[in-house]
Structures are given as structure tokens and as C-alpha cells.
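Got the viewer open? Load the model, switch to cartoon, and keep the selection box handy.

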Amino acid sequence: MKKLLMICFTFLLAAGIALASPKVAPKTFVGNISDSMCGVKHMMPGGDKACTVECVKGGSKYVLADPATGNVYELTDQKKPAAFAGQKVKVTGTLKGKVITETSIEAAK
């Protein structure tokens, strides 16, 4: 009987944890593909794209920088953003803290 109660308690606890962490719906974020060193403002000559590419070669990570708010978000995918370095994009994904797990990236107007 004690074992059955423990199994029931464990099941209910697991179910409660699953219910307590709801799924987060994807959102769309607009900004520029930048690098973690420069963020919103690039310092190197040659334009935003050249600066982003060089900084990533030097060890920085691709990020989404929103010049309107000054927010900089880490991106979990470091391959897709390379095609959009220095460009304005729409990123769809889920945000946790300051990290976006992206499902898509496309050019924005």
C-alpha cells in the first residue's frame, strides 16, 4: 500500500510540474544581425556587415540587435544568421531571458 501511494504521489508531482511550465508561443522580433561584441553600434570601418563578419571570426557570436530599444538577444543558431550579417531581419522564435531559440530568420523591410 505504501508503495502504491508513493507511485501515485510521484505521478501527481510529475503532472504538476508539467502543468506549471506552459509552452511558450513563438514571437517575431525585428532587428539587425550583429555580433556580441558590438551589439547595436559597430565600431569598425567598412559597414555593419564587414564589422559583424570580422567580429564573429574573432570569436564573437551572432546576435539580434534592436536599435529602437537597445536590446541585444543571443541567438541559439549560429549558422543561419551568417547569411544576414549586418542586415535588418525578422526572427521568429521563443525568448527565454535574453536568448532567442529561433525557428526562422528572414530579411525585413
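Start with β2 and β3, which pair in the antiparallel sense over four bridges. Strands here are DSSP E runs of at least two residues, helices are H or I runs of at least four, and both are numbered from the N terminus. Two strands count as paired if DSSP finds at least two bridges between them.

A word on ground rules before you click further: this is a predicted model, where local features need pLDDT of at least 70 and side-chain atom pairs count only at pLDDT 80 or more, while totals for chains, interfaces and linings use all residues. Residues are numbered from 1 along each chain as its sequence is written, and side-chain values use heavy atoms, with hydrogens and water left out.

**Stop 1: the hairpin**

Select residues 62-66 for β2 and 71-75 for β3. Leucine 64 has tyrosine 73 in β3 as its bridge partner. The two strands form a hairpin with four residues between them. Click on glycine 70 in the turn: its phi is positive, about 85 degrees.

**Stop 2: round the barrel**

From β3, hop over to β5, residues 99-107. β3 and β5 run parallel and are joined by two bridges; look for leucine 75, whose bridge partner in β5 is isoleucine 100. Now colour β1, residues 27-35, and β4, residues 88-96. These two run antiparallel, with six bridges joining them, and threonine 28 has threonine 92 of β4 as its bridge partner.

Zoom out with the strands coloured. What order do the five strands take as they close into a barrel? Going round, they read β1-β2-β3-β5-β4, and the pairing is mixed. Neighbouring strands of this sheet are turned by 55 degrees against each other on average, direction ignored. (Axes are lines fitted to C-alpha atoms, for helices over the stretch in contact; angles run from 0 to 180 degrees between N-to-C directions.)

Next, show α2, residues 47-57. This helix packs on the sheet, touching β1 and β2, and its direction makes about 75 degrees with that of β1. Contact on this tour means heavy atoms within 4.5 Å.

**Stop 3: the core**

Show side chains for Phe29, Ile33, Tyr62, Leu64, Tyr73, Leu75, Phe84, Ala85, Val89, Val91, Ile100 and Ile105: these 12 residues make up the largest nonpolar core. Such a core is a set of buried Ala, Val, Leu, Ile, Met, Phe, Trp, Tyr and Cys residues joined through side-chain atoms within 4.5 Å. Buried means under 20% relative accessible area, exposed over 50%, and partly exposed in between (1.4 Å probe, protein chains only). β1, β2, β3, β4 and β5 each supply at least two residues of this core.

Centre on isoleucine 105, which sits in β5 and is buried at 12% relative accessible area. Setting aside residues up to four places away in sequence, isoleucine 105 touches Lys80, Pro81, Phe84, Val89, Lys90 and Val91. Draw a distance from its C-alpha to that of lysine 90 and you should get 5.8 Å, although the two are 15 residues apart along the chain.

**Stop 4: two serines**

Is serine 34 buried or exposed? Buried, with a relative accessible area of 1%. You'll find serine 34 in β1, where its side chain makes a polar contact with that of histidine 42 at 3.2 Å. (A polar contact is a pair of N or O atoms within 3.5 Å; within protein, one must be able to donate a hydrogen and the other to accept it, and residues adjacent in sequence count only if both atoms are side-chain atoms.) Beyond its neighbours within four places in sequence, serine 34 has contacts that include Gly39, Thr52 and Tyr62.

Then pick serine 60, in the loop between α2 and β2. Serine 60 is buried too, at 9%, and its contacts outside the four-place window are Asp35, Ser36, Met37 and Cys55.

**Stop 5: salt bridges**

There are two to find; each is a side-chain nitrogen of Lys or Arg within 4 Å of a carboxyl oxygen of Asp or Glu. First, select glutamate 54 and lysine 57, with their closest N and O atoms 3.5 Å apart. They are three residues apart in α2, so about one helical turn separates them. Glutamate 54 is partly exposed at 39%, and lysine 57 is exposed at 63%.

Finish with glutamate 106 and lysine 90, where the closest N and O atoms are also 3.5 Å apart. Glutamate 106 lies in β5 and lysine 90 in β4, so this pair ties together parts 16 residues apart in sequence. Both ends are partly exposed: glutamate 106 at 41% and lysine 90 at 33%.
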